[in-house]
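The questions below offer a guided reading of one structure. Please keep the sequence and the three-dimensional view at hand while working through the answers.

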Amino acid sequence: MINHEKNENLQITLKKQDVLKLKQIQADLINRFSIDFTKSQVIAYLIKSYGQTETQTEKPQQTNKNKYVNLIAILKDTLNMSYTELAQYLKVSKNSLNKWAHGIQNPTGENEQILLKALKDNKII
């Protein structure tokens with residue numbers, strides 16, 4: 001269900017040193033989340049994270065409670081959906097999705113499996 005009209009393809013050329021930095025960030029994300037990230041997903045993660053560090057003096061270490069925050073944001077952007085539409089797509093309540101997306105709580109049981117399947121189906125993990 002990707003809306004290709006809202007997505008844009010981007011081709012970039014990076015300096016070798018920037019490619020090495022991107023690979024290091026990719027490795028850090030893989031270690032942090034224990035899942036594979038493509039370079040495109042790393043760039044999407046960096047774009048989503050940009051600006052968040054400006055408003056926070058010290059970013060807290062990733063905790064178990066917010067391990068899905070960035071993945072949900074990437075899924076939402078990949079599918080070009082609002083949170084309401086994403087909740088409907090996943091067949092979960094908007095309230096639950098909101099809690100997961102803001103790191104208040106993690107999905108558990110069947111809801112976690114539904115989210116993981118959607119992330120895998122859309123090649124995010």
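**Reading the model**

Q: Where is Lys123 found?
A: The model is predicted: local features need pLDDT of at least 70, side-chain atom pairs count only at pLDDT 80 or more, and totals for chains, interfaces and linings use all residues. Residues are numbered from 1 along each chain as its sequence is written, while side-chain values use heavy atoms, with hydrogens and water left out. Helices are DSSP runs of H or I of at least four residues and strands are runs of E of at least two, numbered from the N terminus. With α7 spanning 109–121, Lys123 is found in the segment after α7.

Q: Is Lys123 buried or exposed?
A: A residue is buried under 20% relative accessible area, exposed over 50% and partly exposed in between (1.4 Å probe, protein chains only). The relative accessibility of Lys123 is 65%, so Lys123 counts as exposed.

Q: What is the phi of Lys123?
A: Lys123 is not a glycine. Its phi is nevertheless positive, at about 55°.

Q: Which residue in the loop between α4 and α5 has a positive phi of about 50°?
A: The loop lies between α4 (69–79) and α5 (83–90). The residue with this phi is not a glycine. With a relative accessible area of 23%, it counts as partly exposed. The residue is Asn80.

Q: How many helices and how many strands are there in the chain?
A: From the N terminus on, the elements run α-α-α-α-α-α-α. The chain therefore holds seven helices and zero strands.

Q: What percentage of the residues in the chain is buried?
A: The chain has 125 residues. Buried residues make up 30%.

Q: At what angle do α4 and α7 pack?
A: Axes are lines fitted to C-alpha atoms, for helices over the stretch in contact, and angles run from 0 to 180 degrees between N-to-C directions. The axes of α4 and α7 are 10 Å apart, and the two helices pack at an angle of about 55°.

Q: Which word describes how α4 is set relative to α7?
A: Angles under 35 degrees count as roughly parallel, over 145 as roughly antiparallel, 65 to 115 as roughly perpendicular and the rest as oblique. The angle of about 55° makes α4 oblique.

Q: Which residue is 44 residues from Thr78 in sequence and 7.9 Å from it in space?
A: The distance is taken from C-alpha to C-alpha. The residue in question lies in the segment after α7. Its relative accessible area is 14%, so it is buried. It is Asn122.

Q: What is the N to O distance in the salt bridge of Asp121 and Lys117?
A: A salt bridge is a side-chain nitrogen of Lys or Arg within 4 Å of a carboxyl oxygen of Asp or Glu, and the count comes to one. Asp121 and Lys117 are four residues apart in helix α7, so about one helical turn separates them. Asp121 is partly exposed at 45% relative accessibility, whereas Lys117 is exposed at 51%. Their side chains meet at 2.7 Å.

Q: How far apart in space are the C-alpha atoms of Lys99 and Val69?
A: Lys99 lies in helix α6 (residues 94–101) and is partly exposed, with a relative accessible area of 28%. Along the chain, Lys99 and Val69 are 30 residues apart. Their C-alpha atoms are separated by 9.2 Å.

Q: Which residue is 29 residues from Val69 in sequence and 9.7 Å from it in space?
A: The distance runs from C-alpha to C-alpha. The residue lies in helix α6 and is partly exposed, with a relative accessible area of 35%. It is Asn98.

Q: What is the C-alpha to C-alpha distance of Lys23 and Lys39?
A: Lys23 is found in helix α1 (residues 16–33), where it counts as partly exposed at 43% relative accessibility. Lys23 and Lys39 are 16 residues apart in sequence. In space they are apart by 7.6 Å.

Q: What is the area of the nonpolar surface patch made by Leu10, Ile12 and Leu14?
A: Patches consist of residues with over 30% relative accessible area and no salt bridge; like charges are joined within 9 Å, and nonpolar side chains (Val, Leu, Ile, Met, Phe, Trp, Tyr) within 5 Å. Accessible areas come from the Shrake-Rupley method with a 1.4 Å probe, and for residues only the protein chains shown count as cover. Ile12 is placed in the segment before α1 and is partly exposed, with a relative accessible area of 44%. The patch made by Leu10, Ile12 and Leu14 has an area of about 300 Å².
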